[in-house]
Amino acid sequence: RPNLGNPPPPPPKGAVLGQALHQAVQESMQMQAELERRFAEMQKLQQDLLDQQNEQRKQQEEARLRQEEERKKAEEERKKAEEERLKQEAERRKQEEEKRKEEEEKKRKEAEDAAKELQKKLAELISTLEGVADKVKEKAEWVATSDKMSDEAIIKASEEFELQMLEAKDANAACFAFMGLHHRRLVGVLDETKSEAAKLRSKPPLMANTLASIKAKVKVARDKAQERLDKEAKRLAALRAAEEQERLFRRHDTGGEGLLNKENIVALVKDEYKFDLSEEKASSMFSRCSPAGKVGVPYSNFPQLKLLIGIAREEVRAKAKREEATRRRKLDVEQVEIVRKDLKEVTGALGGIEAEVAKAEEKARPLVVLRGRAGLPLEMLPDRCDEVDTAVDAARDYLAAAREQMQAVGGTAVRAEEGAGLE
């Protein structure tokens, strides 16, 4: 560096040049030294910067390593926590699975026990059905030898069979109802229980088919026996009808000649058919039923005579109905006229009631004391009260008359209805 103090005394001229050169050299050396010093400082500064950068890098690396270590540690902890969670989840699932299996096993056991209990009850019902079915078969054993039995015995045996069949029907219905009500619970879980359920459930239908087959055989035997009995009953009824007809003919054959004359026919109609036969009708029947060459109706034509009598009876009944209808129409007209007359009287009575009520109101109006002014004098009140009482009594008389007229109208309608009912 140049000397900044007081300048030295000027040297000689040659010395000045050497001194200047020496000074220039020294200044150059000083500048070089300064440059070296500054270069060294710059290198040191650069080295410090590098050291700082290296230190920062080292710190950053250490921080990164710490973070990585912490991350790895956190990852390991997370993995451990996840492993622990998975372990707990697996344990929970295992416990739930074991619990589910226990509950399922419990339900299977309960279902199996319930199925066995239901199968036991169904077996009892089927046993009852089989016992009743055996009785039904016993009651139907006569079908094989029905050709050697009387029809009455067949009918009696079939009736006993039907009574036993009703019991079997009830027992079979009880089995089907039980199976329908416990359809799913009856099956069970194990194959053995399912097989037993299928075996039990197949018995009632087979038993029903067997009973239906036996019933059909019994029905055929009974129908044949009933048909024969019906034919016999018809034959006997026809014989009894013929005998009754013959007794009727003989009872009215007063001459004992096997012939009915007109007088006999008239008596027959009056005694047996309860109506009077005209002379004209008797002659017509007599002529139509008497064969040529005979003077009466023989027994062979008696059915024809009864048919003609029946026709005549229906004609008499029809005539009586027409007369009754005419009489009822006439009665209806009379009743309508009576009702109209009574209604007029009732209307008149009602009109009288209205008039008397109006009079009573008119008489009673002065008795009312209006606000702010006096009514009638006190000495006139008794007379006016008597007039009002008279008007009210008259209205009551008209009302009583109206009631009597209404009762008369109602009585007329009731009598008409009673007459129609009796007719």
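Q: What is the relative accessible area of tyrosine 299?
A: This is a predicted model, in which local features need pLDDT of at least 70 and side-chain atom pairs count only at pLDDT 80 or more, while totals for chains, interfaces and linings use all residues. Residues are numbered from 1 along each chain as its sequence is written, and side-chain values use heavy atoms, with hydrogens and water left out. With a 1.4 Å probe and protein chains only, a residue is buried under 20% relative accessible area, exposed over 50% and partly exposed in between. Tyrosine 299 is therefore partly exposed, its relative accessible area being 29%.

Q: How many aromatic pairs does a search of the whole structure find?
A: A pair of aromatic rings is described by the distance of the centres and the angle of the planes. Rings of Phe, Tyr and Trp (its six-membered ring) pair if their centres lie within 6.5 Å; planes under 30 degrees apart count as stacked, over 60 as edge-to-face and the rest as tilted. Searching the whole structure gives a number of aromatic pairs equal to 3.

Q: What is the angle between the planes of phenylalanine 249 and tyrosine 299?
A: These two residues form an aromatic pair with a centre to centre distance of 5.4 Å. The pair is edge-to-face, and the angle between the planes is 75°.

Q: How many residues apart are phenylalanine 249 and tyrosine 299?
A: Helices (H or I, at least four residues) and strands (E, at least two) are DSSP runs, numbered from the N terminus. Phenylalanine 249 belongs to helix H3 (residues 191-252), and tyrosine 299 to the loop between strand E2 (297-298) and helix H6 (302-364). The pair links distant parts of the chain, the separation in residues being 50.

Q: Which residue in helix H6 pairs with phenylalanine 249?
A: Phenylalanine 249 counts as buried, at 4% relative accessibility. The ring of phenylalanine 249 has its centre 5.3 Å from that of phenylalanine 302, with the planes at 75°, so this pair is edge-to-face. The pair links parts of the chain 53 residues apart, and the partner in helix H6 is phenylalanine 302.

Q: Which residues form a cluster through ring pairs?
A: Phenylalanine 302 is buried, at 0% relative accessibility. Ring pairs join this residue with two others, and the cluster consists of Phe249, Tyr299 and Phe302.

Q: Which residue has a positive phi although it is not a glycine?
A: The residue lies in the loop between helix H4 (262-272) and helix H5 (279-289). The residue is exposed, with a relative accessible area of 65%. Its phi is about 60°, and its name is lysine 274.

Q: How far apart are the closest N and O atoms of glutamate 246 and arginine 250?
A: Side chains of opposite charge can pair when their charged atoms come close. A salt bridge is a side-chain nitrogen of Lys or Arg within 4 Å of a carboxyl oxygen of Asp or Glu. Glutamate 246 and arginine 250 both lie in helix H3, 4 residues apart, about one turn of the helix. In their salt bridge, the closest N and O atoms are separated by 2.3 Å.

Q: Which residue in helix H4 forms a salt bridge with arginine 251?
A: The closest N and O atoms of arginine 251 and glutamate 272 are 3.1 Å apart. Arginine 251 lies in helix H3, so the pair ties together parts that are 21 residues apart in sequence, and the partner in helix H4 is glutamate 272.
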